[in-house]
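Biologist: Hi! Could you pull up the model so we can go through it together?
Modeller: Sure, here it comes.
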Amino acid sequence: MQHTATQPQALSQIRGVCPHDCPDTCALLTTVKGGIAIKVQGNPAHPHTAGSLCTKVSRYAERTYHPERILHPLKRTGAKGSGQFERVSWDTALSDIAARLGAIAAREPQAILPYSYAGTMGLVQGESMAARFFNKLGASQLERTICAAAGGQGLVHTLGDKVGMRVEFFAEAKLILIWGSNPVTSNLHFWRYAAQAKRDGARLICIDPRKSETADKCHAHIALLPGTDGALALSLMHELIQNDWLDHDYLARHTLGWELLCERALQWPPERAAAICSISPEQIRALARDYGGCARNGQAAAIRMNYGLQRVHGGGNAVRLIASLPALIGAWRHRAGGVLLSSSGAFPVQRATLQRPDLLAGRTPRSINMVTIGDDLLRRSSPGFGPAIEALIVYNSNPVAVAPESAKVVEGFAREDVFTVVLEHFQTDTADHADYILPATTQLEHWDVHSSYGHTDALLNRPAIAPLGEAKPNAQIFRELAARMGFDEPCFADSDETLCRQAYGDAVSFDTLLANGFATLDTPEAPFAQGNFPTPSGKCEFFSARLAAQGFDGLPDHVPNHEAAHSSSAYPLAMISPPARNFLNSSFVNVKSLRDSEGEPLLEMHPLDAAARGIASGDVVRVFNDRGNYQCRARISARARPGVVNGLGVWWRKLGLNGSNVNQLTSQKLTDLGHGPTFYDCLVQVARYAEGGAA
Ligand SMILES: Nc1nc2c(c(=O)[nH]1)N[C@H]1C(S)=C(S)[C@@H](COP(=O)(O)OP(=O)(O)OC[C@H]3O[C@@H](n4cnc5c(=O)[nH]c(N)nc54)[C@H](O)[C@@H]3O)O[C@H]1N2
Ligand SMILES: Nc1nc2c(c(=O)[nH]1)N[C@H]1C(S)=C(S)[C@@H](COP(=O)(O)OP(=O)(O)OC[C@H]3O[C@@H](n4cnc5c(=O)[nH]c(N)nc54)[C@H](O)[C@@H]3O)O[C@H]1N2
Ligand code: SF4
Ligand SMILES: [Mo]
């Protein structure tokens, strides 16, 4: 029986969900004694979690009871960004915030910008009451693009939605391409299925510029240059066509635009792609033999893509090309064949009920792209842009650390004339720039409902403990702000539990969620075995009429990086900044046990690149380009390929060596589709750092 959080002294176990931005969406079991969470573990009853959590979240109690948790509202006392605050009451904070926002809204509501992302993936503490609040206000909308926008658009315009293989069937595949993904670090519970397949004889191939922890465990590793995946995919198609390793029946029945794609792919012999990817033509031929061979032998070939490959200029096109591959060989016929990038499209989330776009009442506020917040905070009012941003409300995100081109982001957040409110657990780099910091509850302290982008189970999070200090759930904070602003629609009174019930409406049984903590969606085992793609044509769309109508190339192509390798003599190295194993984006960087495991901000360099610069392992180096200058410690390592350096992310700036992080170097340029970020499309130079500044 499930006990409630309030029962004193009894030992109870409360079912919850990991709130983090991770495809695994694990089911949690929190052991509570005397109102205190003493242990957070994986729920063994949930098949995908199978009782185990990653190292980070097994420290969730340490994070929740962290001595630096913000437990009461804080008001700025020093200069913007100085991080100096005094304690104030909720009443003072909310009255002042409501008055300030009210005054701006009376003139120009679009001068107010909410900024949020996936600090929690919860549907309630994410975009429910907050969205209602900002819709009613008529504030600017935020384009939430910072992670997956290019790949998401690529999928939608090829398969029709963010859907794909069911993750559990990877265990039955005979070939798995792990493409732009490092599951040992960032998709651990998928890795369990891949490891099972490997034990049963499957071949695993990793496609990643970095020799990742996953590449270590695969049979082959293709270390291409960042942003060249489209060229590799086209050349792989070339080989499948030349050798006639195609499923002609599947192509004829279930695809659109094959002749056009075929013509394009035939322009990509392995030699051409190999030169662009900086790999050998034989690696491409071998990959084609593996992929084409599987299909000829009636074996299942699966692809696990992840978002790592789409943080470059051509990320959307690359995802379209890779998502097209299974149709060429008819891999979708098998439940263990096909591709998975995201499963989020399978969830029947009742967004309009949660977010209430009707509260806009006919207004159509402008959208601001979260990726270009650096530039946009510095813009003045103009006819093209609209009003300058005068107020920022940040929740579930740490933009000063995670958004590109930090110099501009910091300058924008330091503007004395932008009124900034940050809802947070900790005094992050962003919170340092707040006028008010409001203490938010963690996942152990509030209700929520979750979907997943790596499996197809909906989950319910019950509070395990009472809120610490004066912390409140995001939804509660927006509920109270709404009341102070005089918003009297009944939807502003919905409780968090009510919001939980609204999230799926009747589409998922709330009783099942209450009883088990999770409910498996009813999705087909082999979703596209008979076609039935959720595209306009019902087919796998190699050619997209929708994209063509928007002025894009209807066919996918290789789109080179904005900052392609070898295109600059001043900045000859390509830098990628993939996730560090013990952090989750910038979350957990302040949890000492995890930070100690990571050590210091690192730059992995190939021995040849290091030797050419007189750099030894452990040296402090200066990484720089025209956007900025960042210091970290060099690690000479075979994980880096020649010409590419890996700056593992995303450190808090103030915990780095010179008060900055990798995003000092990344650019605000956008992807081909979806207006996404191009974090891994970034040229730099590296030099040994000498005391006194010069290198
Ligand atoms: N431990 C941990 N887990 C995480 C995260 C974290 O920060 N830490 N982040 C979470 C988030 S926000 C997300 S979006 C998900 C998915 O997370 P992603 O950010 O997609 O990360 P990974 O799955 O680790 O895959 C990234 C891999 O892609 C590689 N890569 C970089 N550029 C290219 C390229 O151009 N081509 C190819 N083929 N590969 C490239 C990187 O070297 C890296 O090994 O994971 C989540 N899980
Ligand atoms: N250079 C580089 N930059 C990157 C990436 C990269 O690979 N390289 N990855 C990008 C990607 S994929 C992503 S998704 C973004 C992620 O960027 P963000 O979504 O901003 O993720 P985090 O850095 O984890 O910050 C989330 C913050 O939300 C807070 N939080 C958590 N739960 C709650 C809650 O319930 N209420 C409130 N109010 N706050 C909460 C946490 O304390 C944390 O400070 O970063 C991007 N930035
Ligand atoms: S971060 Fe990912 S792997 Fe870790 S507990 Fe959360 S969902 Fe599971
Ligand atoms: Mo992400």
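Biologist: Which residues are around ligand 3?
Modeller: This is a predicted model, and in it ligand 3 is surrounded by Cys18, Cys22, Asp24, Thr25, Cys26, Leu53, Cys54, Val57, His189 and Leu584.
Biologist: And by class, what does that shell around ligand 3 have?
Modeller: Seven of the residues are nonpolar, two are polar and one is charged.
Biologist: Where does ligand 3 sit?
Modeller: You'll find ligand 3 in the second largest cavity.
Biologist: Nice. Switching to helices: at roughly what angle do α7 and α10 cross?
Modeller: Helix α7 covers residues 229–242 and helix α10 residues 270–277; their axes cross at roughly 160 degrees and come within 9 Å. An angle over 145 degrees counts as roughly antiparallel, so that is how α7 runs relative to α10.
Biologist: Is that crossing of α7 and α10 left-handed or right-handed?
Modeller: Left-handed.
Biologist: What about α2 and α17, how do their axes cross?
Modeller: The axes of α2 (residues 90–107) and α17 (residues 474–484) also come within 9 Å, with a crossing angle of roughly 60 degrees. That makes α2 oblique to α17, and their crossing is right-handed.

Note on methods:
Residues are numbered from 1 along each chain as its sequence is written. Chains are lettered from A and ligands numbered from 1 in the order in which they are written. This is a predicted model: local features need pLDDT of at least 70, side-chain atom pairs count only at pLDDT 80 or more; totals for chains, interfaces and linings use all residues. Side-chain values use heavy atoms; hydrogens and water are left out. A residue is near a molecule or strand if one of its heavy atoms lies within 4 Å of it. On a 1 Å grid over the protein atoms alone, a cavity is a set of points where a 1.4 Å probe fits but cannot get out, and a pocket is an open set with protein on both sides within 12 Å along at least five of seven lines; lining residues have an atom within 4 Å of a point. A molecule sits in a cavity or pocket if more than half of its atoms lie within 2 Å of its grid points. Ala, Val, Leu, Ile, Met, Phe, Trp, Tyr, Cys and Pro count as nonpolar, Asp, Glu, Lys and Arg as charged, and the others, Gly among them, as polar. Axes are lines fitted to C-alpha atoms, for helices over the stretch in contact, and angles run from 0 to 180 degrees between N-to-C directions. Helices (H or I, at least four residues) and strands (E, at least two) are DSSP runs, numbered from the N terminus. Angles under 35 degrees count as roughly parallel, over 145 as roughly antiparallel, 65 to 115 as roughly perpendicular and the rest as oblique. A crossing is left-handed if the near helix is turned anticlockwise from the far one by less than a right angle, and right-handed if clockwise.
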